[in-house]
Amino acid sequence: MKQLMLGNKALARGLYEAGCCVVSSYPGTPSTEVTEEAAKYDEIYCEWAPNEKVAMEVAFGACLAGKRAFCGMKHVGLNVAADPLFTCSYTGVNAGLVICVADDAGMHSSQNEQDSRHHAIASKVPMLEPADSDEAYRFAKLAFAISEEFDTPVIIKMCTRVAHSQSVVDTGERVVPEIKPYEKNIAKYVMMPGNAIKRHPFVEERTRRLMAYGETAEVNRTEMGDTSLGIITSSTSYQYVKEVFGDKASILKIGMVNPLPRQLILDFAARVDKLAIVEELDSIIENHCRQLGLEVTGKDVFPMEGEYSQNLVAEKLGVSVSPVKSLEEALPGRPPVMCSGCPHRGLFYTLKQNKCTVLGDIGCYTLGAVAPLSAMDVTLCMGASISSIHGFNKALGKESEGKTVAVIGDSTFMHSGMTGLANIAYNQSNSTVIILDNSITGMTGHQQNPTTGYNIKGDPAGKINLEELCRAMGFNRVTVVDPYDLAECDRVLKQELAAEEPSVIISRRPCVLLKYVKHEKPLKVDCDKCVGCKSCMRLGCPSISIRDGKAVIDSTLCVGCGVCKQLCKFGALES
Amino acid sequence: MTKNIMIVGVGGQGSLLASKLLGHLLLTEGYDVKVSEVHGMSQRGGSVVTYVRFGEKVYSPIIDRGQADYIVSFEKLEAARYVEYLKPDGRIVTNTQEIDPMPVITGAAQYPTDLVDKLEKLGIAVDAMDCLALAEQAGSPKAVNIVLMGRLSKYFDIPVEKWEKAIEDCVPAKFLELNKKAFALGRDYAA
């Protein structure tokens, strides 16, 4: 049946039809919907794992047991899962193992713009790169076939524009292959030096066989048109090239970006007058072509950073683009902000008032760095807040201990904050760690995690108690506060910063966007009392603005959290 | 020939339902369709863009500068922000609602004045109306998206019944009447 499908949903459909039985992932934009959609099929066991390394190891275990398995993650997640990836390249698989990694060129929702193709090359694992939803669907099935034929995990590389675009997919039926019984094979699966040494030549030989496969397989295809220009491209860049050139250029569309074919490229190059490479981010196809001795246009004109588009491809390859109309005045920007009633806001306001140095982490609360709160100093990667406050305090001692905090969300804490906390407990820095517990994985769109008590399907599941966990790790000082209560937040923060031992503050209130969270009535401004002092504006709440010198509350946005009311000395804000 | 509709607004205003509706309608009309959305960080009250493209064969999932036949905007400033994406003879359909962005809230910038006039002075056809008021009249401020779809439908040769069928297929049954009313209010609004 023909349907309009999100790339991620199409990939999930491909997993389903390929008979995939086990899915374990950690959410991350733009990869999250693959697993959310897979979870809608009762035939697939799906779960959110605490992090990507765990997810990949779960999927590996399932494939070892003889059933097709999958795990999905965003580009930076593959850094976390790189450890199992590099060695399961050596062990190979039993039933098929497919890994999806979603890159985010343009950094719509990421902290860097790394190109995951490097991971495929470095781990010597084949990588398929779909260019639309239909290919995401078909490549998911193909990936399992390649995985089993070549005894290798296979990576499917998505990008934001493939993952989050809908295009037409013609779906089929689910076919479950027979279970491949698990057989003990120490030489293949126990990667100690004596065995791994023997597996490495297998990996090199496998790459040679995969390269030979890529020379003729349909996954790489030539579309001959005008031969004055030949373009080698892949992923969404292929779509931009087709949009601009149609059949006015010849195209070699690469579907398997690792390993890259040689003869196919040389033959294509021989048929065209000039050769251009169009690939987002790094110059991987281009470098390969140069190694083959080909003269190409690539990153000499195309950027290494950001997303491409049809106009960019046109301009760089000498095709004119339409004129545009524009306003002369500069318009105010509209950066993302914490939602009205966001429980993080009160806590960040308290940190700002106390002039804290704030080592931040990855999540909605990274928006605490945005004006007017500007209450974050660093954001690096998942879990880094806790590990780096320990280093910061070890370096500076008393000078920093009394005014420095780490902030981390509940899901991020489970992902990789716990190990950093173990380090503080073990090596004893006088650090103050704040867990922003909004009882959900917020930024990626409300996924459950080990602290929420529910699984991916919303059914009751195990629930890790953060207070007990921190105490068990050796923290004597664990305090829970309500971030809507500014006075209490201030009192507890001051108390824990002054304490002479490591401490944890749990700032607990569920995300205001959760369906079960009841909203209060919007606040009202008493215009006779409001003097226009703008104290309430210091919160950076999108519900509050100033009109004609008085505060105005947008009743369609305000959820009545009452935090602003606590800042008004004139009693002008009323519940 | 590929036609391009850009849906712009502020994160959380409901643009995903509008693009779902359009995608569904255009696919049943027999077109090749691509819809490109934004998820994640930028959704949190930021400026959001959805691209809808349809025609015999659509390649790129995005719309570039100078290519949009229509910009459908949930908020006035956002209509102005993306004007460079409009074709020289393109049309803007916009809600006149103003939502202050953070730089305006903090006082670092002013909300620009007379935006519709300024856009019209560039020779652009602007169809502007208070969609929030019309949505509230239909029964819910959340129906702004369907009010806008009603307005957009005026410019297409697709019968009203087919739009209504698409609404039926895309919204929960209990909100169907409300949404049909919102659609009609947008379509029939007289300035």
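Student: How many residues of domain 1 of chain A are in contact with domain 2 of chain A?

Tutor: Let's start with the general idea. The size of an interface is often given as the accessible area lost when the parts come together. Here we count contacts instead: in this predicted model, 23 residues of domain 1 of chain A are in contact with 21 residues of domain 2 of chain A.

Student: Which elements supply the domain 1 side?

Tutor: At least two residues each come from α6 (117–123), β6 (127–128), β7 (154–159), α8 (160–163) and α10 (193–216) of chain A. The largest share, five residues, belongs to α10(A).

Student: And what classes of residue does that side have?

Tutor: On the side of domain 1 of chain A that touches domain 2 of chain A, you will find twelve nonpolar, eight charged and three polar residues.

Student: Where do the domains of chain A lie along the sequence?

Tutor: The assignment places domain 1 at 2–216, domain 2 at 221–316, domain 3 at 344–508 and domain 4 at 524–574. Between the centres of domain 1 and domain 2 of chain A, taken over C-alpha atoms, there are 25 Å.

Student: Why does the radius of gyration of chain A agree with a compact globule?

Tutor: Compare two values: a compact globule of 575 residues would have a radius near 25 Å, and chain A has 27 Å, so the two agree. Along the principal axes, the C-alpha atoms fill a box of roughly 80 × 65 × 50 Å.

Student: What share of chain A counts as buried?

Tutor: Of its 575 residues, 53% do. As for secondary structure, chain A has 20 helices and 22 strands.

Technical notes: Residues are numbered from 1 along each chain as its sequence is written. Chains are lettered from A and ligands numbered from 1 in the order in which they are written. This is a predicted model: local features need pLDDT of at least 70, side-chain atom pairs count only at pLDDT 80 or more; totals for chains, interfaces and linings use all residues. Domain bounds come from an automatic or database domain assignment. Two residues are in contact if their C-beta atoms, placed from the backbone, lie within 7 Å. Helices (H or I, at least four residues) and strands (E, at least two) are DSSP runs, numbered from the N terminus. Ala, Val, Leu, Ile, Met, Phe, Trp, Tyr, Cys and Pro count as nonpolar, Asp, Glu, Lys and Arg as charged, and the others, Gly among them, as polar. The radius of gyration is taken over C-alpha atoms; the globule rule is 2.2 Å times the number of residues to the power 0.38. A residue is buried if 20 or more other C-beta atoms lie within 10 Å of its own, exposed if 12 or fewer, and partly exposed in between; C-beta atoms are placed from the backbone.
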